[in-house]
Amino acid sequence: MVAEPYRVEFISAGPGDPDLLTVAGARRLAHCRAVLAPAQFQSSFAPLLRGKVLESPFPLCHAEVVEWVERHLTTAPVAFLIPGDFSVFNPFQSFAAHFGTRCRITPGVGSQAAAAAVLGRAFDLPHVAHTTVLASPRAFTRPDAPLRLGDYARPGNTLILFMNDRPLDELVAELRRGFGRDTPIAILERLACPDQRVTRGTLDTIVDVVGNRDPYDIAQEGAEPRLALTVVSDALEGEEPPEWWDQRVRKLWRPRGMR
Ligand SMILES: C[S@@+](CC[C@H](N)C(=O)[O-])C[C@H]1O[C@@H](n2cnc3c(N)ncnc32)[C@H](O)[C@@H]1O
């Protein structure tokens, strides 16, 4: 009988707090002896990584990562610990393609889910916001980008911005192309980390509220990029009337016999 080859596990680690790793993620991680993890996760997940061979993938080129994985895969499963969830702004996709049927992907808590939890808000609110756009301002600076970030800035949309590289005043000016001045905005730094920080305002006030701070660390060349997520939406302030629950009961759930 031929032994099953060991798996390459792509484990979504969540936004930073190991408590937000899923039960499946923790179980699969426990079986791996070698783990590729960003330096930040190597320290925050230290108790779960004890005794394992660790490497950060970011200083390595593609072929070196593949070689590292193959070398350790001869004796046990190998894990990639993915920040947030695998589905969003994931630089490891080419490795999943490379390892193909040998890999298994474990979903997890994306930073936008952690943001909703911290803000106490769902991003959709009937008649207020019905579409959530996950975007990175970086993608719109390319000369061949067919759309501008401001094209998504419109009432009815919740914009969640990853990896912002624009100074806050420029970002706000772009968002004001479509959003009103009173549109709520929240900047969430290092979600689910011990030094988490949340700054809230409107598009009119946020630049003053933030003041001289640089929540995105744009000016800091060579430093670890700051983990910061920006959420812009009328849903951050709007309220859902309790009658809407009753409407759903009457129109949707009772007629379908939903339990
Ligand atoms: C390469 S993307 C990875 C996104 C990740 N796959 C996810 O599901 O959240 C990195 C960006 O995600 C956001 N991010 C990830 N973790 C975060 C955290 N703990 N707090 C705030 N933003 C975070 C930041 O915008 C950061 O620049």
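**Exercise 1. Helix α4**

Task: In this predicted model, determine which residues of α4 are buried and what they pack against.

Solution: Begin with the burial of the individual positions, where Val65, Val69 and His72 of α4 come out as buried. Looking down the axis of α4, one finds these buried residues within an arc of 75°, so they line one face of the helix. The face turned away from that buried side carries exposed residues, namely Ala63, Glu64, Glu67, Glu70 and Arg71. The next step is to identify the partners: the buried residues of α4 pack against the strands β1 (8-14), β2 (34-36), β3 (53-55) and β4 (78-83), and also against the helix α5 (93-99). As a check on the geometry, α4 covers residues 62-73, and its 12 residues, at 1.5 Å a residue, should span 16 Å, which agrees with the 16 Å between its end C-alpha atoms.

**Exercise 2. Two domains and a ligand**

Task: Work out how many residues of domain 1 are in contact with domain 2, and which residues are closest to the ligand.

Solution: Start from the division of the protein chain, which gives domain 1 (8-109) and domain 2 (112-236). The centres of the two domains, taken over C-alpha atoms, are separated by 28 Å. Across the boundary, 8 residues of domain 1 are in contact with 10 residues of domain 2, and the side of domain 1 that touches domain 2 is made up of 5 nonpolar, 2 polar and 1 charged residues. Turning to the ligand, one counts 22 residues around it, of which Pro15, Gly84, Gly110, Ser111 and Leu191 are the closest. Each of domain 1 and domain 2 contributes at least three residues to this shell, and by class the shell holds 15 nonpolar, 5 polar and 2 charged residues.

**Exercise 3. Two residues with positive phi**

Task: For phenylalanine 89 and alanine 192, decide whether each is buried or partly exposed, and state where each lies.

Solution: Phenylalanine 89 is not a glycine, yet its phi is positive, at about 40°. Its place is the loop between β4 and α5, and it counts as partly exposed because it has 16 C-beta neighbours inside 10 Å, whereas burial requires 20 or more. Alanine 192 also has a positive phi, near 65°, in a residue other than glycine. This alanine lies in the loop between β8 and β9 (197-202), and with 22 C-beta neighbours inside 10 Å it counts as buried.

**Exercise 4. The surroundings of alanine 186**

Task: Find which residues are in contact with alanine 186 once its neighbours within four places in sequence are left aside.

Solution: First place the residue, which belongs to strand β8 (residues 184-189). Alanine 186 has 19 other C-beta atoms within 10 Å and is therefore partly exposed. With the neighbours within four places in sequence left aside, the contacts of alanine 186 are Leu119, Val198, Thr199, Arg200, Val231 and Leu236. Finally, compare sequence with space: alanine 186 and threonine 230 stand 44 residues apart along the chain, while their C-alpha atoms are 5.7 Å apart.

**Exercise 5. The whole chain**

Task: State what percentage of the residues of the protein chain count as buried.

Solution: The protein chain has 259 residues, and 31% of them count as buried. Its secondary structure amounts to 9 helices and 10 strands. Considering contacts between residues at least 6 apart in sequence, one finds that 69% join residues at least 24 apart.

Technical notes. Residues are numbered from 1 along each chain as its sequence is written. This is a predicted model: local features need pLDDT of at least 70, side-chain atom pairs count only at pLDDT 80 or more; totals for chains, interfaces and linings use all residues. A residue is near a molecule or strand if its C-beta atom, placed from the backbone, lies within 6 Å of it. Ala, Val, Leu, Ile, Met, Phe, Trp, Tyr, Cys and Pro count as nonpolar, Asp, Glu, Lys and Arg as charged, and the others, Gly among them, as polar. Domain bounds come from an automatic or database domain assignment. Two residues are in contact if their C-beta atoms, placed from the backbone, lie within 7 Å. Helices (H or I, at least four residues) and strands (E, at least two) are DSSP runs, numbered from the N terminus. The expected span of a helix is 1.5 Å times one less than its number of residues. A residue is buried if 20 or more other C-beta atoms lie within 10 Å of its own, exposed if 12 or fewer, and partly exposed in between; C-beta atoms are placed from the backbone. The arc is that of the directions from the helix axis to the C-beta atoms.
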